[in-house]
Amino acid sequence: SKSESESNVAIRSQPQKISSPTPPMTSNGQKFDFYAPRGLLGIVIESTPKGPMVQSISHKSPLLGIIEHGDYIIGLDDLNTKGMSAAQLTRLMAQRSEQPQRKISFLSFAGATKG
């Protein structure tokens, strides 16, 4: 019947989204570095299996227009943050908030998903 074949298609296409042969951190994402000024960054970070992800950005954030919802923060001052929880990364960013600048490395899939 028609409904059976439709459900088979849905089941078959799902695993490709979850696991791809190349690691998700390098496949079709673009890596950017941004030097953030001292003070609050105005972003909310969420813990995900792939690493800390940007959940929301304040309209006053210095990262507004640079970083987007869904981007992964993969480094802070050249320290790998992929394995960190949102709480760990938020704490680390707060500890460094008085530095003249912080290098934030992030991986954006915006170009890939917006096409």
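Start at the second largest pocket: select Gly39, Leu40, Leu41, Gly42, Ile43, Ile45, Thr90, Met93, Ala94, Ser97 and Arg102, which line it. Keep in mind that this is a predicted model. The space inside the second largest pocket comes to about 150 Å³. Colour the lining by residue class: six residues are nonpolar, four polar and one charged. Now colour by secondary structure. Strand S2 (43–46) and helix H2 (86–95) each bring at least two residues to this lining. Which element gives the largest share of the lining? H2 does, with three residues.

**Whole chain**

Zoom out and switch to cartoon. Count three helices and six strands. Trace the chain along its sequence and the order reads α-β-β-β-β-β-α-β-α. Colour by accessibility next: 32% of the 115 residues count as buried. Then turn on contacts. Of those between residues at least 6 apart in sequence, 61% join residues at least 24 apart.

**The largest nonpolar core**

Go back to Ile43, one of the pocket-lining residues. It also belongs to the largest nonpolar core, which has 17 residues. Within this core, Ile43, Ile73, Met93 and Ile104 touch the most other members. Select S1, S2, S4, H2 and S6: each supplies at least two residues of the core. H2 gives the most, with four residues. Met93 is worth a second look, since this residue appears in the pocket lining and among the core members with the most partners.

Stay on Ile43 and show its contacts. What does Ile43 touch beyond its neighbours within four places in sequence? The partners are Ser56, Ile57, Ser61, Leu63, Ile67, Ile73 and Met93. Apart from this core lies another, of five residues; select Met53, Ile74, Leu107 and Phe109 among them.

**Aromatic pairs**

Show the aromatic side chains. The structure holds two aromatic pairs. Select Phe32 and Phe106 for a stacked pair: the centres are 5.6 Å apart, with 25° between the planes. Phe32 sits in strand S1 (residues 30–37) and Phe106 in strand S6 (residues 101–108), so the pair ties together parts 74 residues apart in sequence. Is each ring buried or exposed? Phe32 has 36% relative accessibility, so it counts as partly exposed. Phe106 has 1%, so it counts as buried.

Move to Tyr72 and Phe109. Their ring centres are 6.0 Å apart and their planes stand at 90°, so this pair is edge-to-face. Tyr72 is in strand S4 (residues 72–76), while Phe109 is in the loop between S6 and helix H3 (110–114). The two are 37 residues apart, and the pair links distant parts of the chain. Both residues are buried. Phe109 is also a member of the five-residue core.

**Last stop: Leu79**

Select Leu79, in strand S5 (residues 79–80). Its relative accessible area is 36%, so Leu79 is partly exposed. Show its contacts, leaving aside neighbours within four places in sequence: Ile74, Met84, Leu92 and Arg96. Of these partners, Ile74 has already come up, in the five-residue core. Finish with a distance label from Leu79 to Ser105. Their C-alpha atoms are 9.2 Å apart, across 26 residues of chain.

Key: Residues are numbered from 1 along each chain as its sequence is written. This is a predicted model: local features need pLDDT of at least 70, side-chain atom pairs count only at pLDDT 80 or more; totals for chains, interfaces and linings use all residues. Side-chain values use heavy atoms; hydrogens and water are left out. On a 1 Å grid over the protein atoms alone, a cavity is a set of points where a 1.4 Å probe fits but cannot get out, and a pocket is an open set with protein on both sides within 12 Å along at least five of seven lines; lining residues have an atom within 4 Å of a point. Grid points are joined across faces, edges and corners, and a volume is the space filled by probe spheres set on the points. Ala, Val, Leu, Ile, Met, Phe, Trp, Tyr, Cys and Pro count as nonpolar, Asp, Glu, Lys and Arg as charged, and the others, Gly among them, as polar. Rings of Phe, Tyr and Trp (its six-membered ring) pair if their centres lie within 6.5 Å; planes under 30 degrees apart count as stacked, over 60 as edge-to-face and the rest as tilted. Buried means under 20% relative accessible area, exposed over 50%, partly exposed in between (1.4 Å probe, protein chains only). A nonpolar core is a set of buried Ala, Val, Leu, Ile, Met, Phe, Trp, Tyr and Cys residues joined through side-chain atoms within 4.5 Å. Contact means heavy atoms within 4.5 Å.
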